Every structure is written in structure tokens, then in C-alpha cells.
Amino acid sequence: MSTASPDCSAFRSMHSAISVKNISKYYGALQALDDVSLTIEPGEFFGLLGPNGAGKTTLISILAGLVKADKGHAAILGSDVQSAFREARRMLGVVPQELVFDPFFTVRETLRFQSGYFGIRHNDAWIDEIMANLDLTSKADSNMRALSGGMKRRVLVAQALVHRPPVIILDEPTAGVDVELRQSLWQFISRLNQDGHTIVLTTHYLEEAEALCQRIAMLKQGKIVALDTTANLLTRYGSNKKDGDGKTDLEEVFVNIMSGDIR
Ligand SMILES: Nc1ncnc2c1ncn2[C@@H]1O[C@H](COP(=O)(O)OP(=O)(O)O)[C@@H](O)[C@H]1O
Ligand SMILES: [Mg+2]
């Protein structure tokens, strides 16, 4: 399916997909983000990694306009997430970490409601296409509360795509999801990326990040402690210990970076 909206190409050459400049965020005395700067270009498949509590979801919530940064600026395709909230939000699809739904809505109603939120009417053809691609068609008229966790996860992905956003952020979309769904989800997201969508992925499955992401930022206690191409991270921080396929793996890199204060 061709999901790249005209917005994708129109903004492509002019702006970064995501621009984060000197963002800090406090929750009371706790500093969740500490002077984070990051630029992601259109078309990238970008990984945002870090242990629990590192600040990944906080950063994503700031980009989605759900949480206000105490310092710094962030923009989606050139639109500031605060001063141009509506434009920024329209460019962005977020698959949230938490499963939150109205249990009384069916899958189709949930997706229609989300379309309405973006002021899009008569979106059923697109909704049908998304459901088909996520194997949700047979559940279209089921209530959300009747779905398994994996199916709910698919609806979250579908919800993020309803307004055809050029930039898509997935916050641990495969947490607690079976292997089969994980694989079909990755195939689908890879295809969206090939169609021109910018993808930002947060995951604890580092082999997935290694296989999918071109560049990776690692967050630790609210700070970026590594930011490079996946290939460079593997050469710089791996032990060069060969495993089966002759590669050091990202898990080892992650442990090395998180345990030391190397940059
Ligand atoms: N609404 C909130 N109120 C207070 N503290 C929060 C809130 N949201 C997150 N935190 C804290 O901020 C830090 C970063 O959390 P989060 O962004 O969820 O990290 P991650 O997604 O990387 O696991 C954690 O210490 C977390 O407990
Ligand atoms: Mg999180």
C-alpha cells in the first residue's frame, strides 16, 4: 500500500523529520531528560534505546505534545511541537507504550474516532486497508475489550496510521507480543519505511533494533550516551568477539555503553 502522503515529499527537502534541541524535563526533583539534542532526517529508521526509566517515553510524549519540556525546543518536519502543535501533531503517528482504549468501541469505531480527532471524514477505505495490512479485518466489529493483547497492539499501530502521518514513532510496540506478530509487525513497519515514512522505534529487543535501525541513540538517565549509525556502534563498542555469524551484537554494545561512561 502507498501510505506516503503528499506531505512526505513536500517537506522532505526542507526540514528534518524530528528536531530536538536542548530538551530538559523535570518531574519534581527528578530530571527525566537532561539537555537532549537529536536530529532525525526524513526516511530514516531510527532506534531510541535505553533501560527502563531512561526517558524514552518522556521524550516521545514531548514530541507528541502530551508533555511540556521545561527547556529546549522540538519540531516535527519544521513545526514546533508547542507553538505549532496542530501542524506538528498531524505529521506524527505515535504508537504508545501503554494499551489505552475505550473498551466499548469496536476496532472500526476506534479507528473512525481517531480519524475524527484529526478532522478526517470518509476515511473508511483507508481504515479498511490498514486493517487488512495488520490482519485486523476479521476483528473490525469486535469490541476492544474482547481482543487479545497482541490484537490490541495491532489496533494501536492502526490508530497511529489513520491520518497518514509521514513520521511514525513506536514506543515498545512489541512488548509482550508473540513472535509471529512481532515478525509481521516488523515487516509492515519496514514497508512503511520503504514507502518513505520516517520511523522511530523504541524496543528492548536489541536484535530487532540491530536488524532494522540505520542509526541509534542510547539514553541513560535522561542523557544521550551514544548516537551513531548501527554499524559504527557495533565496531566502536563491540568487543569484536565473533559469534556465529561473525558479528558482535548490539546487546553487547548496549551493555558496554550502559555500564561505562564512554561516549
Ligand atoms: N508522569 C510522571 N510523573 C513523575 N515521574 C515520571 C512521570 N513519567 C515518567 N517519570 C519518571 O521519569 C523517568 C523517565 O521515565 P520514562 O520516560 O517513562 O522512561 P522510559 O520510557 O525510558 O522507561 C523515570 O524515572 C520515571 O519514573
Ligand atoms: Mg517507556
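**Reasoning through a predicted model**

Lysine 21 has histidine 73, a residue of β4, as its bridge partner. The model is predicted, so let's see what backs up each label.

Q: What makes β1 and β4 count as paired strands?
A: Pairing takes at least two bridges between the strands. β1 (residues 18–27) and β4 (residues 71–76) share 5 bridges and run antiparallel, so by that cut-off they pair.

Q: Why are β2 and β5 called edge strands?
A: The open sheet has 4 strands in the order β2-β1-β4-β5, paired antiparallel. β2 (30–40) and β5 (79–80) each pair on one side only, which means they're the edges.

Q: How do you know that the protein chain is as compact as a globular protein of that length?
A: Set the radius of gyration against the globule rule: the chain has 18 Å, and the rule gives 18 Å for 263 residues. The two values are close, so the label holds. For the overall dimensions, the C-alpha atoms fill a box of roughly 50 × 45 × 40 Å along the principal axes.

Q: What makes the 70 residues a nonpolar core?
A: Members have to be buried, come from a set of nonpolar types such as Leu, Ile and Ala, and be joined through C-beta atoms within 7 Å. In the largest core, Leu63, Ile76, Leu92 and Ala158 touch the most other members. Helix α6 (residues 149–161) chips in the most, with 7 residues.

Q: Which residues does leucine 63 touch, leaving out those up to four places away in sequence?
A: Leucine 63 touches Ile18, Ala74, Ile76, Val81, Leu92 and Ile169.

How values were computed. Residues are numbered from 1 along each chain as its sequence is written. Chains are lettered from A and ligands numbered from 1 in the order in which they are written. This is a predicted model: local features need pLDDT of at least 70, side-chain atom pairs count only at pLDDT 80 or more; totals for chains, interfaces and linings use all residues. The radius of gyration is taken over C-alpha atoms; the globule rule is 2.2 Å times the number of residues to the power 0.38. Helices (H or I, at least four residues) and strands (E, at least two) are DSSP runs, numbered from the N terminus. A residue is buried if 20 or more other C-beta atoms lie within 10 Å of its own, exposed if 12 or fewer, and partly exposed in between; C-beta atoms are placed from the backbone. Two residues are in contact if their C-beta atoms, placed from the backbone, lie within 7 Å.
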